[in-house]
Amino acid sequence: DRMTINVSQLWRNPEQWEALAKIVVQLAETGTVRAWSAGCSYGAEAYTLAAIGREVAPKARLEILGTDIDKRMVERAREGRFTTDDARTAPPAQLKKWFDAEPGGWQAKPELRMLTRFDTGDLLNDRVQPGRFDLVLCRNVVIYFTEPVRDALHHRLVESLRPGGYLMVGSSERVAEPRAMGLECPSPFIYRKVA
């Protein structure tokens with residue numbers, strides 16, 4: 001509770017999701033997209049990714065893992081329930097297509113819940129499996145860390161990517177020395193692992 005503020009929402013920073021949709025289409029050409037929402041809070045990012053993935057690559061197999069250090073938030077993420085405020089930036093048509101309205105908010109439809117899995121995890125200490133993911137989202141997490149801790153975490157996240165995979169950070173964040181980590185930067189908040 002002292003470390004995390006759990007601020008999130010569905011389709012947070014819409015311009016980032018527009019860019020990410022194009023990447024999901026590209027990644028889906030392999031047939032399977034394995035994604036990790038690192039520091040997922042109560043799951044808004046993971047469910048947004050699931051909805052976008054289904055929208056732009058309906059035939060691809062999507063596997064989305066969300067992890068967070070806060071056990072209460074992980075339990076909430078598993079429920080897939082969001083308040084009206086959580087959905088304030090969501091495109092209305094997509095919101096209605098992928099979420100059911102309920103009093104005071106929205107519930108992710110079963111199709112999205114089948115694509116997502118949530119676990120408790122410590123980004124700074126848990127072991128990462130090299131090359132496991134095609135896409136890692138770690139947005140608005142490292143702004144709370146010192147530069148050495150931020151850089152160490154970015155190295156861990158890049159290690160978890162397969163060659164050609166993508167790392168997405170928050171719009172106010174950056175990866176220090178991306179080339180040294182084998183990354184290229186096709187847009188201000190998206191990095192691609194080249195080797």
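This report describes selected features of a predicted model, beginning with one helix and ending with the cysteines.

## Helix H2

Helix H2 covers residues 44–56 and contains 13 residues. At 1.5 Å a residue, a helix of this kind should span 18 Å, and the C-alpha atoms at its two ends are indeed 18 Å apart, so expectation and model agree.

Eleven of the 13 residues of H2 are buried, which means that the helix is largely enclosed by the rest of the structure. The buried residues include Ala44, Ala46, Leu49, Ala50, Ala51 and Ile52. Polar or charged names also appear among them, including Glu45, Thr48 and Arg54.

## The nonpolar core

In soluble globular proteins, nonpolar side chains tend to be buried together. In this model the largest nonpolar core has 64 residues, and Leu10 and Phe99 touch the most other members. The largest share of this core, seven residues, comes from H2.

Which residues does Phe99 contact, leaving aside its neighbours within four places in sequence? Its contacts are Leu10, Trp11, Tyr47, Phe82, Trp106, Gln107, Ala108, Lys109 and Leu112. Leu10 is thus one of the contacts of Phe99, and these two residues are the ones that touch the most other members of the core.

## Aromatic residues

The count of aromatic pairs comes to six. In one of the pairs, the ring centres of Tyr47 and Phe82 are 5.5 Å apart and the ring planes stand at 75 degrees; because an angle over 60 degrees counts as edge-to-face, this pair is edge-to-face. Tyr47 belongs to helix H2 and Phe82 to strand S3 (residues 81–83), so the pair ties together parts that are 35 residues apart in sequence. Tyr47 and Phe82 are both buried.

One aromatic cluster is formed by Trp11, Tyr42, Tyr47, Phe82, Phe99 and Phe118. Tyr42 has a further partner: the charged end of Arg76 sits over the ring of Tyr42, 3.8 Å from the ring centre.

## The segment before helix H1

Trp11, a member of the aromatic cluster, lies in the segment before helix H1 (14–27). With a relative accessible area of 5%, Trp11 is buried, since the limit for a buried residue is under 20%. The phi angle of Trp11 is near 55 degrees, a positive value in a residue other than glycine.

Asn13 is also placed in the segment before H1. Its phi angle is near 60 degrees, again a positive value in a residue other than glycine.

## Cysteines

How many disulfides does a search of the whole structure find? The search finds zero. Cys40 is in no disulfide, and the nearest cysteine sulfur, that of Cys138, is 11 Å away. Cys138 is likewise in no disulfide, its nearest cysteine sulfur being that of Cys40. A disulfide requires the two sulfur atoms to be within 2.5 Å, so a separation of 11 Å rules out a bond between Cys40 and Cys138. Cys40 counts as buried because its relative accessibility is 2%, and Cys138 counts as buried because its value is 0%.

Is Cys185 buried or exposed? Cys185 is partly exposed, with a relative accessible area of 41%. Cys185 is located in strand S9 (residues 183–187). Not counting residues up to four places away in sequence, Cys185 touches Ile190 and Tyr191. Cys185 and Tyr166 are 19 residues apart in sequence, and their C-alpha atoms are 9.5 Å apart in space.

Notes. Residues numbered from 1 in each chain as written. Predicted model: local features only at pLDDT ≥ 70, side-chain atom pairs only at ≥ 80, totals over all residues. Heavy atoms only, no water. Helix = DSSP H or I, 4+ residues; strand = E, 2+ residues; numbered from the N terminus. Expected span 1.5 Å × (residues − 1). Buried < 20%, exposed > 50% of the residue type's maximum accessible area, 1.4 Å probe, protein only. Core = buried A, V, L, I, M, F, W, Y, C linked by side-chain atoms within 4.5 Å. Contact = heavy atoms within 4.5 Å. Phe/Tyr/Trp six-rings, centres within 6.5 Å; stacked < 30°, edge-to-face > 60°. Lys NZ or Arg CZ within 6 Å of the ring centre and 35° of its normal.
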